[in-house]
Amino acid sequence: MNFQQMTLTLQQFWAEQDCIVVQPYDTEKGAGTMNPMTFLRTIGPEPWNVAYVEPSRRPADGRYGENPNRLYQHHQFQVIMKPSPDNIQELYLESLKRLGIDPLQHDIRFVEDNWEAPTLGAWGLGWEVWLDGMEITQFTYFQQVGGIDCHPVAVEITYGMERLASYIQEKENVFDLEWVNGVTYGDVFKHPEYEHSKYTFEMSDVAMLSQLFSTYEAEAKRAMDENLVFPAYDYVLKCSHTFNLLDARGAISVTERTGYISRVRNLARAVAATFLQERERLGFPLLKKGEEANG
Amino acid sequence: MAKDLLLEIGLEEVPARFVRGAMDQLKDKTEKWLDASRLSYAAVRAYATPRRLAVVVEGLADKQSDVNEEAKGPARKIAQDENGAWTKAALGFARSQGVEPEALFFKELGGVEYVYAIKSSVGVETAGLLPEALPTLATSLSFPKNMRWGGYDLRYVRPIRWLIALHGDEVVPFEITGVRTGNVSRGHRFLGADTTIAVPSDYVAKLREQRVLVDVEERKQAILAGINGLAAERGWHIAVKDDLLEEVLFLVETPTVLSGSFDASFLNIPQEVLITSMREHQRYFPVLNAEGKLQPHFVTVRNGDAAALETVAKGNEKVLRARLSDAKFFYQEDQKGGIPSFLAKLENIVYHEELGTVADKVRRVRAIADKLAQQLHAGEETRQDVSRTADICKFDLVTQMVYEFPELQGIMGADYALKFGERPSVARAINEHYSPRNANDAPPASLVGAVVGIADKIDTIVGCFSIGIVPTGSQDPYALRRQAAGIVSTLLAHGLELTLSDLFRIALGVHAESGRAQKREAFDVLKDLGEFFALRVKNVLTEEQIRYDVVDAILGAGADDVRRTVLRAQALQAATAEGRKEAFRPAVEAFNRVCNLAAKADDSRQVDARLFMDAAEGALYEAWQHAHGIVTKAAAEAKMAEALDALSGLSGPVTAFFEAVMVMAEDEAIRRNRLALLATIADDVKSFADFAKLNG
């Protein structure tokens, strides 16, 4: 099964579970969790089921396209279900079968792994799922997001697409994966991997990035003053990515680091709290819809 | 009549490290509830896998036992008025015991008459108690980390997905987080199916049919049999560490042991790195040959049967290949750097906000270690090694390998140091200075490692104490107790001539010179340090099987010189052992008399022979002068039994002295002279032990 078929298969499977299938969000981010479809929508009482593939940028992991496993940008397939369904583990295992992974032919285990994202004021409990010793999925019951207790609790399933594909296609090097018939992962991504790595480690302008961070931060606050949650959050994401670029460049000392993280976290918390207020002001529309559907 | 009871809590995979504790708790709480509820039973057995916690009560009585006991009320004069009518107090008592006033009666106790009632209640049917008791029991289990799920409020280790509550063949009805009890359990996730449990006694066998070994011991034996089978077949030695076995045990319901291989070229990386990577990342058991050398194979336990084992092995090999490639990469990259560049990075790593960077700590360790080497009169070569080791003892903290595997600190330092051309004695000491790393670990074997190890640990302790981090109760986040115990065991192992007060003085001096603002007064820190270390020495004495009264007596004379403290304790223990203690008793009595009276003396130790009125005084003084010479020499040579013998020899002259003279003589000069003599003797006695603390 090639990379593209995997994505389509997972989209199809989770669409069948009544997940809203959306497209990747258009602002840089380090993980699918930071997409507002997860970060904001897992807050508050409204039901929410969504699935999407998310290109995720981790500047510090860039290796000029030379390392067989590490990438500046990788792909996560993200599923959120709120409230977490009773049969969520069974659904997940069913999705693996759709990808051609027969559990009787493999060793699949749920190994404790607790997730925490300090910049988002978020944490949860769950597992990493092992396929024959390889971590292929992060499976988390969110307990807090943006410093707010999750009630009901959302479950997040994050498939590491490159890892899964390298297993399914039996490839040692990520760049040898087949994206679609005749085109490899390397054909699509090796060139940008090299350039992004070169830019991140050798070229990026530290003074400009520091300036951008402050500008984005100020703009996020300005938008927040008007209760414009979504635009404000976009700028929080930009702050976060800018911080990652600075960090990868080695431009942030240990003491400064804590300062940057708490600046992002404070913004994220403020956005989360305002989002909840705004949804409440709107009367939690999805909650009403859910009741109508059930009623 | 009696029936069996089964409670099974079906869960999503519980973290392996919590399962055994939860199982023990379930058994314990079940037994406590049964006892408190007056329910008799034959046995309670607990079972656990990653997906379930279960308890079976065998031979559970159908009814609570009846109660028939007398309850004592107020005295007669309070219970009845002058007319013999029941007072309010008596009526209240009757009501509280659930009896009519007519049923009250009197009984005498200690010459006073009291009102009594027979409190009796007929035992309730067990079946009636269970619907309330079982859900309470299930939700009362506590876990180190809890979570919520769905729309429920319950905080529990992982979501509850099914429940069995079976009393005989009857389901006990209740519900937790929307899950209703039944008599259907779930088999192995992939190999088994749902299965109906007709009666509790079928539980273990029914689940075995569905490929779940619920009995922990049975599962463990299955894993060990698999490992041993493989070892015998291949001629391997498979290193089974208990904590890893325990974790694996709670990761699987059907264990199947398998092995895989990795490229022998990875064996160029230090063995500890490979073993740590396999254990920590993959939960693999390493394979060794008869000489203890790592082989290019690993052993793992699958949660499943033997189907397609090659696929599973191949997958695991692929993962390990990537892991080991990373390790190899780190190992090569680290060697491209040099010690100076690593040391420079330590300047940017915060050790503790108030105690500076790791580089600051290293500078203090160096200063302390140099002073210690001087104090110990170490030779020139040792001093040079100590200085160099102290300077570079932390450089590996910023290597990629130690960043990835923090437990390899020191081990990598030693390996890289050799590669960077350091002396072998220095490389070895870098690794040793962390020792003892845990309660079962040995102190540094080399003197250089010992000195730097002590310097590193005392710097941590003094630093923490000086900013107010002093362990209390169970709070010891920086493991200061372990570090202090490490210093004590190192002092003992090397027989170092270093007193604790010298050690504290040196460390406090270096901290004072570091230019950091001193948050607490040195005097207060010193006092805390003394008490803190005295407790560590006390632990050592207790571990040495020294009697508790001997421990108290010895510590009464302080623990400043750790080595001599232990030797004093051993000498005193021997002198007061059965068979010898009778002969030693007169000495103890003499010491106590001397010390009691010496308390009346002033600070003067001026003994003037011209003021002796009786021959016994001169004799005692002479005996002391003789004994004191021996005691001083023996103490210097750490021959504490000889010192005690010499002191005991004073017992005769002391007794003769007390028989011959009145210490509290009328004449002040004579009195003071006698007290000064006793005080002089008492000084020697008290520096050995506080003999008054010995049991007769």
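Here is a walk through the contacts in this predicted model, from the domains of chain A to a helix pair in chain B.

Let's start with chain A. Its domain assignment splits it into domain 1, covering 3–200, and domain 2, covering 204–288. Measured out in C-alpha centres, those two domains of chain A sit 23 Å apart. Where they meet, domain 1 of chain A puts in 26 residues and domain 2 of chain A puts in 27 residues. On the domain 1 side of that contact, strand E2 (48–57) and helix H5 (185–203) of chain A each bring at least two residues. Sort that same side by class and you get 14 nonpolar, 8 polar and 4 charged residues.

Next, the meeting of the two chains. Here 28 residues of chain A are in contact with 29 residues of chain B. On the chain B side, strand E16 (294–303) and helix H9 (309–336) are the elements that give two or more residues. H9(B) gives the most, with 6 residues. The chain B side as a whole has 13 nonpolar, 10 polar and 6 charged residues.

Finally, have a look further along chain B, at helix H21 (residues 562–575) and helix H24 (residues 640–648). Their axes are 8 Å apart and they pack at an angle of about 55°, which means that H21(B) is oblique to H24(B). The crossing of H21(B) over H24(B) is right-handed. From H21(B), the contact draws on residues including B:Arg564, B:Leu567 and B:Arg568, while H24(B) answers with B:Met640, B:Ala641 and B:Leu644. By class, the residues of this helix contact come out as 8 nonpolar, no polar and 2 charged.

Key. Residues numbered from 1 in each chain as written. Chains lettered and ligands numbered in written order. Predicted model: local features only at pLDDT ≥ 70, side-chain atom pairs only at ≥ 80, totals over all residues. Domains from an automatic or database assignment. Contact = placed C-beta atoms within 7 Å. Helix = DSSP H or I, 4+ residues; strand = E, 2+ residues; numbered from the N terminus. Nonpolar A, V, L, I, M, F, W, Y, C, P; charged D, E, K, R; others polar. Axes fitted to C-alpha atoms, helices over the stretch in contact; angles between N-to-C directions. Parallel < 35°, antiparallel > 145°, perpendicular 65-115°, else oblique. Left-handed = near helix turned anticlockwise from the far one by under 90°.
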